[in-house]
Amino acid sequence: MISRILAAAAAEGEALPNPLIPAVYDIVWSSVVFVVLLTFFWFKVLPGFKKMLDERAKAIEGRLAEAEAAQRSAEERTAFIEAEQAKLRSESSSIREEARSEGAAILAEMKAQAAAEAERLQQTVKNSLEAEREVAQRVLRAEIGELAIELASRIVGQKLQEDAVANKVVDDFISELEGKRA
Amino acid sequence: MKLFSALTLFAAEEGGFHPPSIMEFYPEIVAFEGTPFAINRIMMIRLIVLAVLLVLFYFWTRSFKKAVRTGNVVPGRFQLLGEMALNFVRKSIAHDQLGEKDGERFLPLLTTIFFMVLGMNITGIIPFANIAASSVVGLPMVLAAVAYVTFIYAGMRKHGVKFFSNALFPAGVPKPFYALVTPIEFLSTFILRPVTLALRLLMNMIAGHLLLVLCFSATHFFFFQADGFFKLFGAGTLLFGFAFTVFEILVSVLQAYVFTLLTTVYIQLALADEH
């Protein structure tokens, strides 16, 4: 197609340049443009571009590492808190257990003490009653002896006189006794 | 092509239509005429493209630097665009073909080739430029020469002189066949590669430009010089012009990609241990 277009164009009869043979200035300006662009890309654009990509990769990696570290420390803290909680829980339960057993022991001791006290009181009362009874017995025994002797001596003395008198003596004695008692 | 013959017929008959000619690519010299630094419209476009590329990538470099300085890892829209452009060559071309190590080694060259070809191609559809700065043979030729020198350098650097014997006498071929294979290998590797690189780009850009000129000058002719019924043809040619403009954007990018990719593949073949 090109050749036909060119042929058609050539038909106009001008002395046409061959499009495949470059003019010197054409080569010169092409080379100038190429060299300038190559230098520009090589030493200016691409180093900056690569540096930016490297920095970005580094920054993203850094942030990832940061996030990972934060995650790890958070996990550690959580584990620590959980362990602490478990420790506290077991401690509190053991304290409760201890308190309960201690309370029970105190209760038992109190009960035992109270029982001992009661027994002791009972014993004391019993002892004192016993002692009083003994004293009373002793006193009564002595008095009764005397009285019996006295009565006997009176009975013997009065018998001889009359029974009535004797009865009277006994009655008198008893009333006397009663008077003494009172 | 029929359309074109028809148009030349028109031109012959009425004298009002000027078909595009090869002289499109040789505008008059405006400065330094006769010296090696002569400047015409196309050379000027090249220098403007160079300036635009320098400014654009300068700003991108600055935004990269700023990102490094501020430790910002989230690029803005402008910076992201630059990253995508540079990463396209870096990842999709250099790293894919050459691996990371060799890819980084040849990256400056490949990046330069890609953005230079792309920038020079795209002026074909930029208003007021309207011609690809790569549609004159010098630029494709220089770039093809650079690619040629680079892949030979890469091969020599890695394999020494054995690079040439590897390339010309491929392993695993029975000896008598070398009489046949070696000339073919020589032709394809050391002659056709640079020639096809340069011609593919040059011809794509020349053809694209001629097509666009044809469509739009025909539109102009139909609208302003043809009579009555023929004016309607102008709508058709305008539509074609629009379609080819879009197509030329695709071709510009594609040719830049193809040129860079082929250069990379040639380097990769030169570096490969076995041919």
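Two residues are said to be in contact here if their C-beta atoms, placed from the backbone, lie within 7 Å. By that criterion, and leaving aside residues up to four places away in sequence, Leu143(B) touches Phe34(A), Ile113(B), Val117(B) and Phe259(B). The model in which these contacts are found is a predicted one, and the predictor gives the complex an ipTM of 0.88 together with a pTM of 0.71.

Leu143(B) also belongs to the largest nonpolar core, a set of 77 residues in which Leu110(B), Val117(B) and Leu143(B) touch the most other members. Two or more residues of this core come from each of several elements, namely α2 of chain A and, in chain B, α2 (41-70), α3 (77-122), α4, α5 (162-168), α6 (178-224) and α7 (231-271). The element that gives the most to the core is α3(B), with 17 residues. As a general background, nonpolar side chains tend to be buried together in soluble globular proteins.

The two chains meet through 41 residues of chain A, which are in contact with 42 residues of chain B. On the side of chain A that touches chain B, α1 (2-10) and α2 (24-159) of chain A each supply at least two residues, and α2(A) gives the most, with 27 residues. The residues on that side of chain A can be divided by kind as follows.

| Kind of residue, side of chain A that touches chain B | Number |
|---|---|
| Nonpolar | 31 residues |
| Polar | three residues |
| Charged | seven residues |

Turning to chain B as a whole, seven helices and two strands are assigned to this chain, and from the N terminus on its elements follow the order α-β-β-α-α-α-α-α-α. The C-alpha trace of chain B spans about 70 × 65 × 40 Å along its principal axes, and of its 275 residues 39% count as buried. Among the contacts in chain B between residues at least 6 apart in sequence, 64% join residues that are at least 24 apart.

Confidence in chain B averages a pLDDT of 89, with 93% of the residues scoring at least 70, although the value varies between its elements: helix α1 (residues 2-14) of chain B has the lowest confidence, at a mean of 47, whereas helix α4 (residues 138-159) of chain B has the highest, at 95. Over residues 6-15 of chain B the pLDDT is below 50, and this stretch has eight contacts in the model beyond near neighbours in sequence.

Technical notes: Residues are numbered from 1 along each chain as its sequence is written. Chains are lettered from A and ligands numbered from 1 in the order in which they are written. This is a predicted model: local features need pLDDT of at least 70, side-chain atom pairs count only at pLDDT 80 or more; totals for chains, interfaces and linings use all residues. Helices (H or I, at least four residues) and strands (E, at least two) are DSSP runs, numbered from the N terminus. Ala, Val, Leu, Ile, Met, Phe, Trp, Tyr, Cys and Pro count as nonpolar, Asp, Glu, Lys and Arg as charged, and the others, Gly among them, as polar. pLDDT is the predictor's confidence in each residue, from 0 to 100. A residue is buried if 20 or more other C-beta atoms lie within 10 Å of its own, exposed if 12 or fewer, and partly exposed in between; C-beta atoms are placed from the backbone. A nonpolar core is a set of buried Ala, Val, Leu, Ile, Met, Phe, Trp, Tyr and Cys residues joined through C-beta atoms within 7 Å.
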